[in-house]
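Take a walk through this structure, one part at a time. We begin with how strands are paired.

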Amino acid sequence: EQVECCEFLQEIVLRLKPAFEEKGVSLHCFCKKSIFITIDRIRFGQVIHNFLDNALKYSRSDTHVQIKVLKENQQIRIQISDQGDGIPKSDLPRIWDRLYRVDKSRSRATGGSGLGLTIAKEIIEKHGGEVHVKSVLGKGTTFSIYMPIEGL
Ligand code: ATP
Ligand code: MG
């Protein structure tokens, strides 16, 4: 399915806004219109939802979460950044592993199965995309999803 990226993301943002507001975390999406990607709307929607869910879960109140969409050559980069707990460097390569969690006890308290990122990466790669992470402990985390653009 061909989907306009900006509209697609804004819709998810709108749906998650109440949960963010409740925790006092701001959520904004910066994007230009008319970039089309070919995605399974439901599956890819779950992926974005997952990253935002993590961003919220590992952030404190009065911090910001943002989605930025950047057009780069033949690709689109969807960047999701938070100012949350961050991930220790030594844990970074393992966050994509099934059931892997950085802080077992804290993660358990916040709920979830630990399957989120594993599945998200699988779905992105099935769409011909890639995902990368940058994180600084105590400062925040940025996930970048690279997707092929339609019609080039
Ligand atoms: P689930 O997604 O099933 O609810 P989860 O969030 O623990 O559980 P993942 O989404 O796979 O599982 O994430 C794996 C681990 O990576 C998390 O437990 C957390 O330690 C770390 N992590 C993921 N996203 C972030 C983030 N934005 N900030 C800090 N840590 C993160
Ligand atoms: Mg998660």
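Two strands count as paired if DSSP finds at least two bridges between them. The model shown here is predicted. With that rule in hand, look at the hairpin of strand 4 and strand 5. Two residues sit between its strands. One residue of this hairpin, Asn-73, has a positive phi near 50 degrees. That is a positive value in a residue other than glycine. Asn-73 belongs to the loop between strand 4 and strand 5. Is Asn-73 buried or exposed? It counts as exposed, because it has 7 C-beta neighbours inside 10 Å, and a residue with 12 or fewer is classed that way.

Now follow the two strands themselves. Strand 4 and strand 5 run antiparallel, and seven bridges join them. At one point along the pair, Lys-68 stands opposite Gln-79 in strand 5. Gln-79 also has a partner on another strand: its bridge partner in strand 7 is Ser-144. Strand 5 and strand 7 run antiparallel too, joined by eight bridges. Ser-144 leads on to the next strand, since His-132 stands opposite Ser-144 in strand 7.

That brings us to strand 6, residues 130-136. Strand 6 and strand 7 pair in the antiparallel sense over seven bridges. Val-136 has Gly-140 of strand 7 as its bridge partner. The hairpin of these two strands has three residues between the strands. There, Gly-138 takes a positive phi near 80 degrees.

Step back to the whole sheet. It is an open sheet of five strands, in the order 2-4-5-7-6, with mixed pairing. Which strands stand at the edges? They are strand 2, residues 26-30, and strand 6. Each has a single partner strand, so one side of each is left without a neighbour in the sheet. The twist from one strand to the next averages 15 degrees.

The sheet has faces as well as edges. In a regular strand the side chains alternate between the two faces of the sheet. Strand 5 shows a covered face and an uncovered one. Ile-76, Ile-78, Ile-80 and Asp-82 make up the covered face. Gln-75, Arg-77, Gln-79 and Ser-81 make up the uncovered face. Helix 1 lies across strand 2, strand 4 and strand 5. Helix 1 runs at about 175 degrees to strand 2.

Next comes helix 2. Its 17 residues, at 1.5 Å a residue, should span 24 Å. The C-alpha atoms at its ends are 24 Å apart, which agrees. Which residues of helix 2 are buried? They are Phe-44, Val-47, Ile-48, Phe-51, Leu-52, Asn-54, Ala-55 and Leu-56. These buried residues pack against helix 1, strand 4, strand 5, helix 4 and strand 7.

Helix 4 deserves a closer look. Two packed helices are described by the angle between their axes and the distance between the axes. The axes of helix 2 and helix 4 come within 9 Å and cross at roughly 140 degrees. The crossing is left-handed. On helix 2, the contact is made by Arg-43, Phe-44, Val-47, Asn-50, Phe-51 and Asn-54. On helix 4, it is made by Gly-116, Ala-120, Ile-123 and Ile-124.

Helices and strands meet in the largest nonpolar core, which has 31 residues. Ile-48, Phe-51, Leu-52, Ala-55 and Ile-80 have the most contacts inside it. Several elements each supply at least two residues of this core: helix 1 (5-23), helix 2 (41-57), strand 4 (64-72), strand 5 (75-82), helix 4 (116-126) and strand 7 (140-148). Helix 2 gives the most, with seven residues. Leu-52 touches Leu-16, Val-65 and Ile-80, leaving aside residues up to four places away in sequence.

Two places remain. Ser-34 lies in the loop between strand 2 and strand 3 (36-38). Ser-34 has a positive phi of about 70 degrees although it is not a glycine. Because it has 9 C-beta neighbours inside 10 Å, Ser-34 counts as exposed.

The last stop is Ile-149, in the segment after strand 7. Ile-149 is partly exposed, with 16 other C-beta atoms within 10 Å. Which residues does Ile-149 touch? Not counting residues up to four places away in sequence, they are Ile-35, Phe-36, Ile-37, Gln-74, Gln-75 and Ile-76.

Notes:
Residues are numbered from 1 along each chain as its sequence is written. Chains are lettered from A and ligands numbered from 1 in the order in which they are written. A nonpolar core is a set of buried Ala, Val, Leu, Ile, Met, Phe, Trp, Tyr and Cys residues joined through C-beta atoms within 7 Å. A residue is buried if 20 or more other C-beta atoms lie within 10 Å of its own, exposed if 12 or fewer, and partly exposed in between; C-beta atoms are placed from the backbone. Helices (H or I, at least four residues) and strands (E, at least two) are DSSP runs, numbered from the N terminus. Two residues are in contact if their C-beta atoms, placed from the backbone, lie within 7 Å. The expected span of a helix is 1.5 Å times one less than its number of residues. Axes are lines fitted to C-alpha atoms, for helices over the stretch in contact, and angles run from 0 to 180 degrees between N-to-C directions. A crossing is left-handed if the near helix is turned anticlockwise from the far one by less than a right angle, and right-handed if clockwise.
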